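Here is a protein to look through together, one piece at a time. Have the sequence and the 3D view open while you read.

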Amino acid sequence: MQSKKSDQLVDEIANEFETYFGDKIDTISIYNVTDTPYPMFNFRFELYNSFIIEFSYNRGAIGCGINFGNYGVDVKNSIGWYDLKNIGQFCKELDEDIRLRIPDKFLQRKGWLE
């Protein structure tokens, strides 16, 4: 079985993020895409007009962190390895963690408080 190339994977995952977050996500920037020596890539995006999130894929391992300029903070998640069927759970856990860091008044004003 032939594995997917990094450019296919990054498109697949970024599309899943855009579908899950809808208008809560903005400005996806893809970088460091390579298949040599192994598949890896990164992308960053703005979430809830509040945080810059860095997503990383490296040989199947996935993770996110909040970019605070000179440093970042990992966002823990129970999904450590990429599988298309689990990316929704990954997004859900990221969403829950980020929303804990944003005042409800802000989310309500933007129409994002459920």
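How many helices and how many strands does the protein have? Three helices and five strands. Keep in mind that you're looking at a predicted model. If you walk along the sequence, the pattern reads α-β-β-β-β-β-α-α.

**Overall build**

Let's start with the whole thing. The C-alpha atoms fill a box of roughly 50 × 30 × 25 Å along the principal axes. A compact globule of 114 residues would have a radius of gyration near 13 Å, and the protein's 14 Å agrees with that. As for what is hidden inside, 35% of the 114 residues count as buried. The accessible surface comes to about 7000 Å², and carbon and sulfur atoms own 47% of that.

What about contacts between distant parts of the chain? Take the contacts in the protein with a separation of 6 or more: 39% of them are between residues 24 or more positions apart. Charges are worth a glance too. There are 13 positive and 18 negative side chains, and the centres of these two sets lie 4 Å apart.

**The nonpolar core**

Which residues touch the most other members of the largest nonpolar core? They are F17, F55, L94 and I98, in a core of 29 residues. Several elements feed this core: α1 (6-21), β2 (40-47), β3 (51-58), β4 (61-67) and α2 (87-99) each supply at least two residues.

Click on I98 for a closer look. Setting aside residues up to four places away in sequence, I98 touches L47, Y48, F51, I53, I66 and V75.

Another helix residue to try is C91, which is found in α2. Is C91 buried or exposed? C91 counts as buried because its relative accessibility is 1%, and the cut-off for buried is under 20%. Leaving out neighbours within four places in sequence, C91 is in contact with F17, Y20 and F21. Along the chain, C91 and F21 are 70 residues apart, yet their C-alpha atoms are separated by 8.0 Å.

**Two neighbours in strand β2**

Now go to strand β2, where you'll find both F43 and R44. F43 has 0% relative accessibility, so it counts as buried. R44, at 32%, counts as partly exposed. That makes sense once you know that partly exposed covers the range between under 20% (buried) and over 50% (exposed).

Who do they touch, again not counting residues up to four places away in sequence? F43 has a long list: V10, I13, A14, F17, I28, S29, I30, Y31, I53, E54 and F55. For R44, the partners are T27, I28, S29, Y31, I52, I53 and E54.

You can also check how far some residue pairs are from each other in space. Here are a few, with the gap along the chain beside the C-alpha distance:

| Pair | Gap along the chain | C-alpha separation |
|---|---|---|
| R44 and S29 | 15 residues | 5.3 Å |
| F43 and I28 | 15 residues | 6.6 Å |
| C91 and F21 | 70 residues | 8.0 Å |
| G22 and G80 | 58 residues | 23 Å |

G22, from the last row, is in the loop between α1 and β1. With a relative accessible area of 37%, G22 is partly exposed.

**Backbone oddities**

A few spots in the backbone are worth a stop. Where is there a cis peptide bond? It joins T36 and P37, with omega at about 5°. P37 is found in the loop between β1 (25-34) and β2.

Then look at phi. T27 has a phi near 55°, a positive value in a residue other than glycine. T27 has its place in strand β1, and you may remember it as one of the residues R44 touches. N49 also has a positive phi, near 50°, and is a residue other than glycine too. N49 is found in the loop between β2 and β3. At 42% relative accessibility, N49 counts as partly exposed.

**One more pass**

To finish, go back to F17 in the viewer. F17 is among the residues that touch the most other members of the core, and it also turns up as a contact of F43 and of C91.

Definitions and conventions. Residues are numbered from 1 along each chain as its sequence is written. This is a predicted model: local features need pLDDT of at least 70, side-chain atom pairs count only at pLDDT 80 or more; totals for chains, interfaces and linings use all residues. Side-chain values use heavy atoms; hydrogens and water are left out. Helices (H or I, at least four residues) and strands (E, at least two) are DSSP runs, numbered from the N terminus. The radius of gyration is taken over C-alpha atoms; the globule rule is 2.2 Å times the number of residues to the power 0.38. Buried means under 20% relative accessible area, exposed over 50%, partly exposed in between (1.4 Å probe, protein chains only). Contact means heavy atoms within 4.5 Å. Accessible areas come from the Shrake-Rupley method with a 1.4 Å probe; for residues, only the protein chains shown count as cover. Lys and Arg count as positive and Asp and Glu as negative; His and the chain ends are not counted. The place of a charge is taken as NZ of Lys, CZ of Arg, CG of Asp or CD of Glu. A nonpolar core is a set of buried Ala, Val, Leu, Ile, Met, Phe, Trp, Tyr and Cys residues joined through side-chain atoms within 4.5 Å.
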